[in-house]
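Me: I should like a close look at one part of this model, namely the place where the sheet closes on itself. Please set it in the context of the whole chain.

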Amino acid sequence: MQFGFMSSVCPPLTLAELIDKAKEYNYEHLELRVEWQHKHGVELDSTQQQLNEAKARFADSGITLSCIATGVRFINPDANNRSQQVELLKKYIDLSEKMGAKNIRIFGDPVPKTPIEIDQALDWEADGIRACDGLAGDAGVALCLETHGNLLASYLAEVLYRSEAQNTYVNWHAAHHVRHGQPVDVAYVHLRNKVRHAHVSFGNEGPMPDTEKDSLILLAQDGYTGFVSIEVINPKDSEAVLKRHAELYKTL
């Protein structure tokens, strides 16, 4: 597996500075969170020249652009909103193709509570993915639906089944479904061979949390070669986060 970090760890840093930090701590890839005014400069309103320069920086550095992390989601009851999200994702597919990004992160939460509402929400998510899956494949980009919030691994697997997607996979963030009562080993039954990107956070002190350790071990045992990305949002000490995660990852 390939270890890297999301720009949320260091929002004020430019792309050049993010790449320098990745090299300093021997990270292999970067994940860029868009829509949050980070300083990396890769956004839908970036000029073609800015994107060309950013892509060249990645190519020259040897650091991979693993993922464009978006806030796209398709479960709003408002059909117009869902249509807008489809069009937004299409723009991010175009951006990712221009940048040579491997994956695009999307969301599928919050899932409602009653069976009828859950069923409808999963259908909406599947419909949105189906509308963009082929375009993503043509662009050489994978969509990665995250186990975020209360989107349990079992729900996510059902969405992929309903969508019949060929280019949509899983961004596994185990801490979310564990908080909602679904253990790592149970979740992995639904996610096995579907994970293409993963998020982890090792906390501020002590050993690596069991949730993160167990999920990484399961992936490693299956020969996972995809991306693992640190997601710590706006930490007070970005340097400490990068150093701690790099050191703990080496212990696996």
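In which sense, and over how many bridges, do strand β1 (residues 2-6) and strand β8 (residues 227-230) pair?

Reply: This is a predicted model, in which local features need pLDDT of at least 70 and side-chain atom pairs count only at pLDDT 80 or more, while totals for chains, interfaces and linings use all residues. Residues are numbered from 1 along each chain as its sequence is written, and side-chain values use heavy atoms, with hydrogens and water left out.

Strands β1 and β8 pair in the parallel sense over 4 bridges; pairing requires at least two DSSP bridges between two strands. One of the partnerships joins F5 to I230, the latter in β8. Helix α8 (residues 210-221) packs on the sheet here, touching β6, β7 and β8, and its direction makes about 160 degrees with that of β7. Contact means heavy atoms within 4.5 Å, and angles, from 0 to 180 degrees, are taken between N-to-C directions of axes fitted to C-alpha atoms, for helices over the stretch in contact. Helix α1 (residues 15-24) lies across β1 and β2 (29-33), running at about 145 degrees to β2.

The β1-β8 pairing belongs to a barrel into which 8 strands close in the order β1-β2-β3-β4-β5-β6-β7-β8, with parallel pairing. Neighbouring strands of this sheet are turned by 30 degrees against each other on average, direction ignored.

Elsewhere in the barrel, strand β6 (residues 168-172) is mostly covered, with 4 of its 5 residues buried. Here buried means under 20% relative accessible area, exposed over 50%, and partly exposed in between (1.4 Å probe, protein chains only). On one side, β6 pairs in the parallel sense with strand β5 (residues 142-146) over 4 bridges, among them the one that links L145 to V170. With strand β7 (residues 195-200), β6 forms 3 bridges, also in the parallel sense; W172 has A198 of β7 as its bridge partner.

Helix α5 (residues 153-163) joins β5 and β6 in a right-handed β-α-β unit; right-handed means that, with the strands pointing away from the viewer, the path from the first strand over the helix to the second runs clockwise. E158 sits in α5 and is partly exposed, at a relative accessible area of 28%. The C-alpha atom of E158 is 9.3 Å from that of D123, although the two residues are 35 apart in sequence.

A loop residue may be set beside this helix residue. G62 lies between α2 (48-61) and β3 (64-73) and counts as exposed, with 56% relative accessibility. A C-alpha distance of 8.6 Å separates G62 from H29, 33 residues away along the chain.

Over the whole protein chain, the secondary structure comes to 9 helices and 8 strands, these being DSSP runs (H or I, at least four residues; E, at least two) numbered from the N terminus. The radius of gyration is 17 Å, close to the 18 Å that the globule rule gives for 252 residues, so the chain is as compact as a globular protein of that length; the radius is taken over C-alpha atoms, and the rule is 2.2 Å times the number of residues to the power 0.38. Buried residues make up 52% of the 252 residues. Of the contacts with a separation of 6 or more, 81% involve residues 24 or more positions apart.
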